[in-house]
Amino acid sequence: MKAVYSEEPGGPEAMIFGDRPDPEPGPGEVMLRVYGSALNRGDIERRNQGRSGRGPRIGGMEAAGEIVFVSPDAATDLQVGDRVLLENRIKCWGCENCKNGMDHNCTAQKRIGIDLDGGHAEYIAVPAECAFKIPDSMSFTEAAAISQGGHTALQCMIVQGQVKPWDDVLVHAAGSGVASMGIQIARMVGARVFVTAGSDWKLERAKELLGVAEGINYHETPKVSERIMELTDGKGVDMVFDVVGADVWEDSLLCLKPGGRMVITGTTSGSRTGMNLSVLQGRPLHLMGSGGRTHRSFAEMMKCVNNGELGGIVSQTFPLENVSEAHRVMESREFFGKLVLES
Ligand SMILES: [Zn+2]
């Protein structure tokens, strides 16, 4: 089959489009004909690192497609022809954490596209429990844009951040895949959402597509907290959802109300800060990381997808063979939502 994989470290040109053996589904597994597989920032990091002699690995942390084979012993209602998307994390269900209902901390979990071959291919085989049906009306391309960013955003907004309908929420880097899902989830609950981005066209897109209340261009307004105070009558927001890290950390703390929550799930600008700890003492804030995610919360997210409340935001699509071009666009940051490879 045709697939995209990497071996040696390098730039976008290090991604290889070529032939790999078809997957052989094992016990309890299903096989998909993949039609869409989105890019993640992690794909760039792994490309930069290379495989250092560990052999080729098909990339792609997510995939959507049609079931073409169901192992006879798979405990599933899925059938050949069903349209599905995949959960990225495959749990072991045998470790102590899995047995105790804490599979988000599974000590033997494997991630597709990282520990196992991924979705940038024509076919993929996975445990049946990782495949979830999508609505008939949803394209594979849109479905491919949901899985990873949606699960992470649900974890941050609902499980960790416990966003409420009466909350004011600030979401950084509105154009990123995970932020665009986070905005949707906060809006779905009913919260008022403010966003930041580095271009006015991204702020306009966030207003048109996702119904955010106000956008802040961080190039024109470096002190985002001052603008947030104006927008909230001097009160601040209840929650900040951050995928940026060091560059915005201290100012984000100043955006929060006393008792506010900050949830972070990315550090693209760096991960070290000179944090003023007295801020925590004076205005007891809740600082949280995204952490692991449960199989149950993925299923809950998929309920929202199948209810029509949550969808994928696709910025651009590329044929599988144009993976290097897709990596260049990812690095340029000139997109809103997800970049999807179609196979
Ligand atoms: Zn486990």
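Which residue just after α11 takes a positive phi? Arg333 does, at about 65°. The legends below describe close-up views of a predicted model.

**View A. Helix α11 and the elements around its buried residues.** Helix α11 spans residues 323-332. Its buried residues are Val323, Ser324, Ala326, His327, Val329 and Met330. These pack against two elements listed with low residue numbers, β1 (2-6) and α1 (41-49), and against β17 (314-319) and β18 (338-342). Arg333, with its positive phi of about 65°, comes just after the helix.

**View B. Packing of helix α4 on helix α5.** The view shows α4 (residues 147-160) and α5 (residues 177-189), whose axes are 8 Å apart and meet at an angle of about 50°. The two helices are therefore oblique to one another, and their crossing is right-handed. On the α4 side the contact is made by Gly149, Gly150, Thr152, Ala153, Leu154, Met157 and Ile158. On the α5 side Val178, Met181, Gly182, Ile185, Ala186 and Val189 take part. Sorted by class, the contact has nine nonpolar residues, four polar residues and no charged residues.

**View C. Surroundings of Ser180 in helix α5.** Ser180 is buried, with a relative accessible area of 1%. Leaving aside residues up to four places away in sequence, Ser180 touches Ala174, Leu210, Ile313, Phe336 and Gly337. Gly215 is 35 residues from Ser180 along the chain, and the C-alpha atoms of the two are separated by 13 Å.

**View D. The largest nonpolar core.** This core has 48 residues. Those with the most contacts inside it are Leu85, Met157, Val171, Ile183, Val195, Phe241 and Met302. At least two core residues are supplied by each of α3 (140-144), α4, β11, α5, β12 (192-197), α6 (200-210), β14 and α10 (295-306). Helix α5 gives the largest share, six residues. Met157 also belongs to the α4 side of the contact in View B.

**View E. Helix α8 and its cover.** In α8 (residues 246-255) the buried residues are Val248, Trp249, Asp251, Ser252, Leu253 and Cys255. Their cover includes the strands β11 (168-171), β14 (237-242), β15 (256-264) and β16 (286-289). Helices α7 (224-231) and α9 (278-282) are also included in this cover. Two of these strands, β11 and β14, each supply at least two residues of the core in View D.

Terms used:
Residues numbered from 1 in each chain as written. Predicted model: local features only at pLDDT ≥ 70, side-chain atom pairs only at ≥ 80, totals over all residues. Heavy atoms only, no water. Axes fitted to C-alpha atoms, helices over the stretch in contact; angles between N-to-C directions. Helix = DSSP H or I, 4+ residues; strand = E, 2+ residues; numbered from the N terminus. Parallel < 35°, antiparallel > 145°, perpendicular 65-115°, else oblique. Left-handed = near helix turned anticlockwise from the far one by under 90°. Contact = heavy atoms within 4.5 Å. Nonpolar A, V, L, I, M, F, W, Y, C, P; charged D, E, K, R; others polar. Buried < 20%, exposed > 50% of the residue type's maximum accessible area, 1.4 Å probe, protein only. Core = buried A, V, L, I, M, F, W, Y, C linked by side-chain atoms within 4.5 Å.
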